[in-house]
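Student: Could you please take one part of this protein and examine it closely for me? I should like to follow how that part is joined to what surrounds it.

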Amino acid sequence: EVAAAASYSGARAMVTMKQMGLNVASDPLMSVAYIGVKGGLVIVSADDPGPISSQTEQDTRRYADFCRIPVFDPTCPEEAYQMIQDAFEYSEKYHTPVLFRPTTRVCHAYATVETPDQFTPGPCDGFERDPGRWVIFPRLSYMNHGKIEKRNVEIGKDLSGYRFNTAEGKHSEKAVVASGVSYMYAKECLKGHEDISLIRIATAYPFPEDFILKALEGVKEVLCIEELSPYIEEQILKTIGKHHLDLRVSGKLDGSVPHNGENSVEACTAILNRFLGIQTGLEQTDISDAPALPVRPPVLCA
């Protein structure tokens, strides 16, 4: 609510939490989604696959869909730094709060990031009283809901050209679609297999439909690798049904990818081997004689 007030005054604002905190903040989040913003407003909600130190395994992308606001899904610290700039720009361009969803390994990773020598704060012209815009009466909710749905179609088309929605490798009949840190795992596992198309979805909602349709041209079978819910997998299935495509989709819904817990290079290697019928050697590593890991209780916030 404090961040929203700053945004209504024209300032850029960011608020950070885990997925559990987003549950607590969901009531004002939904209202802000309907009201809109003036200065850029980015809500960073770090998801906790595992979970490492949370009560639940939740997927913030579901909140983005529920609230009808964009969500960005970085794959590494460098990309997170660059992407957060884009999140603010999209927030101001479309006057909407934006969710930013790093997961555990992105949050705990270290990287060298190039930054500008100096930062210049943007203009902030202060709050202007306008009950017809900032007070969420039922009539305004009805009108804004319609505007949001039309706007999200435009955002989806805009995000189809977004720089972090990418397709690598040669077009083949098989493709791998991944997001977040799982994209980095898949990329590592597919070294030496450039004949397989690797597609990265950095903006799960609004779904970049035009981009995925182009990336999947000629593809007969696709594997979706993502952490927590099968959100991208479901969006691809919807797109296939909408456009009557002959395409088989594998992932969490058919048991190819686990629903719970974190992904890893080793887990993704085994998943990709089954999907592609290839051997990378990594899955053959014998760790049966390795000592057991110590049991450590979770460290909660001070």
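**A strand and its surroundings**

Tutor: Let us begin with one pair of residues: Val-222 stands opposite Val-249, which belongs to strand β9. Please bear in mind throughout that this is a predicted model. Val-222 is one of the residues of strand β8, and β8 is the part that I propose to examine. The pairing between β8 and β9 is parallel and comprises 3 bridges. To pass from β8 to β9, the chain goes through helix α10, and this β-α-β crossover is right-handed.

How many of the residues of β8 are buried? The count is 5 of the 5, so the strand is largely enclosed by the rest of the structure. The enclosure concerns both faces of β8. On one side lie Glu-221, Leu-223 and Ile-225, on the other Val-222 and Cys-224, and all of these are buried.

We now turn to another partner of β8, strand β6, which covers residues 174-178. Here too the pairing is parallel, with 5 bridges between β6 and β8 (residues 221-225). Two matched positions may be located in the model. Ala-178 faces Ile-225 of β8, and Lys-174 has Glu-221 of β8 as its bridge partner. Strand β6 is itself mostly covered, since 4 of its 5 residues count as buried.

Strand β6 also pairs with strand β7 (residues 197-200), to which it runs parallel and is joined by 4 bridges. Among the matched positions is Ala-175, opposite Ser-197 of β7. On the way from β6 to β7 the chain passes through helix α8 (residues 181-189), and this β-α-β crossover is right-handed.

The whole sheet can now be set out. It is open, has 5 strands in the order β5-β7-β6-β8-β9, and its pairing is mixed. Why does one side of β5 and of β9 lack a neighbour in the sheet? β5 (166-168) and β9 (248-250) stand at the edges and have a single partner strand each, so one side of each is left without a neighbour there. From one strand to the next, the twist averages 20 degrees.

Helices cover parts of this sheet. Helix α10 (residues 231-243) packs on the sheet and touches β6, β8 and β9, with its direction at about 170 degrees to that of β9. Helix α11 (residues 265-276) also packs on the sheet, where it touches β6 and β8; the angle between its direction and that of β8 is about 170 degrees.

The neighbourhood may also be described through its side chains. The largest nonpolar core has 40 residues, of which Val-177, Ile-199, Leu-216 and Ile-236 touch the most other members. The greatest contribution to this core comes from helix α2 (residues 19-35), which gives 5 residues. There is also a second, separate core of 21 residues, and Ile-225, Cys-268, Ile-271 and Leu-272 are included in it. Ile-225 has already been met on one side of β8. As for Ile-199, its contacts beyond four places in sequence include Val-176, Val-177, Ala-178 and Leu-216.

Since helix α2 has been mentioned, its own setting deserves a short account. Helix α2 lies across β1, β2 and β4 (98-100), and it runs at about 140 degrees to β1. These strands belong to an open sheet of 4 strands in the order β1-β2-β4-β3, with parallel pairing. At its edges stand β1 (13-18) and β3 (71-72), each with a single partner strand, so one side of each has no neighbour in the sheet. β1 is joined in parallel to strand β2 (residues 41-46) by 6 bridges, and Val-15 stands opposite Ile-43 of β2. Helix α3 (residues 60-67) packs on this sheet as well, touching β2, β3 and β4, and its direction makes about 175 degrees with that of β4.

To return to the strand with which we began: β8 pairs in parallel with β6 and with β9, is touched by α10 and α11, and has both faces covered.

Technical notes
Residues numbered from 1 in each chain as written. Predicted model: local features only at pLDDT ≥ 70, side-chain atom pairs only at ≥ 80, totals over all residues. Heavy atoms only, no water. Core = buried A, V, L, I, M, F, W, Y, C linked by side-chain atoms within 4.5 Å. Buried < 20%, exposed > 50% of the residue type's maximum accessible area, 1.4 Å probe, protein only. Helix = DSSP H or I, 4+ residues; strand = E, 2+ residues; numbered from the N terminus. Contact = heavy atoms within 4.5 Å. Pairing = 2+ DSSP bridges. Right-handed = clockwise from strand over helix to strand, strands pointing away. Axes fitted to C-alpha atoms, helices over the stretch in contact; angles between N-to-C directions.
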